[in-house]
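Colleague: I would like a close look at one part of this model, the nonpolar interior and its aromatic rings. Please take me through that part, then show how the rest sits beside it.

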Amino acid sequence: TNLNSPKSLDLKINSKAAMCFHWKSLQRQVRISGNITQVSDEESDIYFNSRPYESRIGAWSSDQSKVMHSREELLKKISEFKKKFNDKKNLPRPKHWSGWCLNPSSIEFWLGDKYRIHERLKYNKAKNNWKKEILYP
């Protein structure tokens, strides 16, 4: 992601975050909470280089989440970066592009059931172990 995006700027101020995966058709959900850390340059490079060329050019061209006056402005930047980085195999990662890693401190598993009598299990990290709790629906 772009380290200058609102998401990244928020994470730099408050490194706590959560992610939720919900599968309505399966009546399942997983929620993970913890602290965020920025991934290493090496890990960022590996992931960046695994992306399609056009996506990597997009990372150079987009001032993510900033106001854009016209789509042509973006298309012009894309064209300019394609000329600058015309070797598709040798396109460096922008310094403002990296990733974030969620280091879990709790993981909750939810299983939907009739009449909202769901099953919920929560695991909280305590030093090097995980403590299991059963939660009311």
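Modeller: What follows starts with the main core, moves through its rings and helices, and ends with the strands and loops. Keep in mind that this is a predicted model.

Start with the core itself. The largest nonpolar core has eight residues. They are F48, Y53, I57, A59, F81, F85, L91 and W97. Helix 3 gives the most to this core, with three residues. A second core is separate from it and has six residues, including I32, I36, L102 and I107. As background, nonpolar side chains tend to be buried together in soluble globular proteins.

Now helix 3. Its buried residues are Y53, R56, I57, A59 and S61. Two of these names, R56 and S61, appear in the buried set of helix 3. Y53, I57 and A59 are listed in the largest core. What lies over the buried residues of helix 3? The cover includes helix 2 (41-50) and helix 4. On helix geometry in general, an α-helix has 3.6 residues a turn, so residues three or four places apart point the same way.

Next, the rings. The structure holds seven aromatic pairs. One of them joins W60 and F81. Their ring centres are 5.6 Å apart and their planes meet at 35°, so this pair is tilted. The two residues come from distant parts of the chain. W60 is in helix 3 (residues 53-61), F81 is in helix 4 (residues 71-84), and 21 residues separate them.

Stay with F81. Its relative accessibility is 17%, so F81 counts as buried, given that the cut-off is under 20%. F81 also pairs with F85. That pair is stacked, with 6.2 Å from centre to centre and 5° between the planes. F81 and F85 are both buried, and both belong to the largest core.

W97 is another place to look. Y47, F48 and W97 form one aromatic cluster. F48 and W97 are also members of the largest core. Which residues does W97 touch, once its neighbours within four places in sequence are set aside? The contacts are T1, N2, L3, S44, Y47, F48, R51 and A59. Among them, A59 is one of the buried residues of helix 3.

N2 leads on to S5. The side chain of S5 reaches the backbone oxygen of N2 at 2.9 Å. S5 lies in the segment before helix 1 (6-13). Its relative accessible area is 1%, so S5 is buried.

Then the strands. Strand 1 and strand 2 run antiparallel, with eight bridges joining them. F21 stands opposite V30 in strand 2. Side chains in a regular strand alternate between the two faces of the sheet. The hairpin of strand 1 and strand 2 has four residues between the strands.

Finish with two backbone details. Q27 is in the loop between strand 1 (16-23) and strand 2 (28-38). Its phi is positive, about 55°, although Q27 is not a glycine. Q27 is partly exposed, with a relative accessible area of 33%. Y115 also has a positive phi of about 55° and is not a glycine. Y115 sits in the loop between strand 3 (100-111) and strand 4 (119-126). Is Y115 buried or exposed? Y115 is exposed, with a relative accessible area of 75%.

Terms used
Residues numbered from 1 in each chain as written. Predicted model: local features only at pLDDT ≥ 70, side-chain atom pairs only at ≥ 80, totals over all residues. Heavy atoms only, no water. Buried < 20%, exposed > 50% of the residue type's maximum accessible area, 1.4 Å probe, protein only. Phe/Tyr/Trp six-rings, centres within 6.5 Å; stacked < 30°, edge-to-face > 60°. Pairing = 2+ DSSP bridges. Polar contact = N/O pair within 3.5 Å; in protein donor to acceptor, adjacent residues only side chain to side chain. Core = buried A, V, L, I, M, F, W, Y, C linked by side-chain atoms within 4.5 Å. Contact = heavy atoms within 4.5 Å.
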